[in-house]
Amino acid sequence: MSSLIEQAARRLEQLRQAGVEMPATVTVATPSYPMAGAELPTATPKPPEPVATSRRIDLDLHALTHAGFINPSSARSEIADQYRVIKRPLIKNAMGKGASIIANGNLIMVTSALPGEGKSFTSINLAMSIATELDNTVMLVDADVARPSVMRMLGLPDGPGLLDLVLDDKLDMSSVLLKTNVEKLTILPSGTPHPRATELLASDAMVRLLEDMAARYPDRIIIFDSPPLLITTEARVLATHMGQIVAVVHAGKTLQSEVKQALATIDACPVKLLLLNRASSLFKSGYGYSYGYGSGYGHDKQEEQAA
């Protein structure tokens, strides 16, 4: 670089001697180089983006077992065996191993015709049973936004959840999911109560959320505890996006006409199963189990009267 500067200086001197007027000074821009041993300037690093993580909660499995729920870590029990029978066709359909491929087969809605038939009890036990599978994980969603009961039945406080995700598409699902001490079970609460909950569940934002939930994890089965079909419209809206529906029927209480009327509201769903609840007086096998085949399944636990 210094030789170029010397050549330029000699050329300027020759021009002056030839009578060419030149400015008194000429500034030559040269690149600047750091001195040997000098530290190069570094850009200020940006702080890392916060990563949304699921909250961790511990279920009181001993208390839940005492209340009649399945304990995935306990020894074999009658109710656990009953739900093994119930879950098997649902898992096959969810994983595309049934007679045909079902769209959104891993989205399973548990509902009933009327309140008090045991749908929330069924939702929790079905999720607990699927959590014992080696090849699947399960998410339990409290979708009964008008009268949520899953969190109460599990002895957990309410918090942000489903409705918050629908309202704010920038909210990460991981920030509201609850990881539990049951390894393969996560819970999504119903979320912050909203006066237009029905409209939220019918919105395009809800459709996008369900599509994302169905496709995000291929091994995950999602159980939705839904409102009763004949009381509110939320369940009918949800049903249009489900791959499978389990309709819980209170044995000896729910009228056949009510069951038919409820099923008529969910014609669009490709798979509908009936689960006969509190059926001990109707089905009793020689092995002492109280589930029936054909019209549905049942169990003889006196569960909490959940919506």
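Where is Asn-104 found? Keep that in mind as we walk through this predicted model; we will get there at the last stop.

**Stop 1: helix H3.** Select residues 78–94, which form helix H3. Its 17 residues should span 24 Å at 1.5 Å a residue, and the end C-alpha atoms are 25 Å apart, which agrees. Now zoom in on Lys-87, where H3 has a kink of about 35 degrees. The proline Pro-89 follows shortly after this kink.

**Stop 2: the buried residues.** Colour the buried residues of H3, among them Ile-79, Ala-80, Asp-81, Tyr-83, Ile-86, Leu-90 and Ile-91. Lys-87, the site of the kink, is buried too. What do the buried residues of H3 pack against? Show helix H4 and the strands E2 (107–112), E6 (220–225), E7 (244–250) and E8 (271–277), and you will have their partners on screen.

**Stop 3: H3 meets H4.** Add residues 119–130, which are helix H4. The two helices pack at an angle of about 80 degrees, and their axes are 9 Å apart. That angle falls between 65 and 115 degrees, so H3 is roughly perpendicular to H4. Show side chains here: from H3, the contact includes Tyr-83, Arg-84 and Leu-90, and from H4, Phe-121, Asn-125 and Leu-126. Sorted by class, this contact has 8 nonpolar, 3 polar and 2 charged residues.

**Stop 4: past the end of H3.** Select Gly-96, just after H3, with its positive phi of about 70 degrees. Then go on to Asn-104, in the loop between H3 and E2. Asn-104 is not a glycine, yet its phi is positive, about 55 degrees. Its relative accessibility is 30%, so Asn-104 counts as partly exposed.

Conventions:
Residues are numbered from 1 along each chain as its sequence is written. Side-chain values use heavy atoms; hydrogens and water are left out. Axes are lines fitted to C-alpha atoms, for helices over the stretch in contact, and angles run from 0 to 180 degrees between N-to-C directions. Helices (H or I, at least four residues) and strands (E, at least two) are DSSP runs, numbered from the N terminus. Angles under 35 degrees count as roughly parallel, over 145 as roughly antiparallel, 65 to 115 as roughly perpendicular and the rest as oblique. Contact means heavy atoms within 4.5 Å. Ala, Val, Leu, Ile, Met, Phe, Trp, Tyr, Cys and Pro count as nonpolar, Asp, Glu, Lys and Arg as charged, and the others, Gly among them, as polar. The expected span of a helix is 1.5 Å times one less than its number of residues. The bend at a residue is the angle between axes fitted to the seven residues ending there and the seven starting there. Buried means under 20% relative accessible area, exposed over 50%, partly exposed in between (1.4 Å probe, protein chains only).
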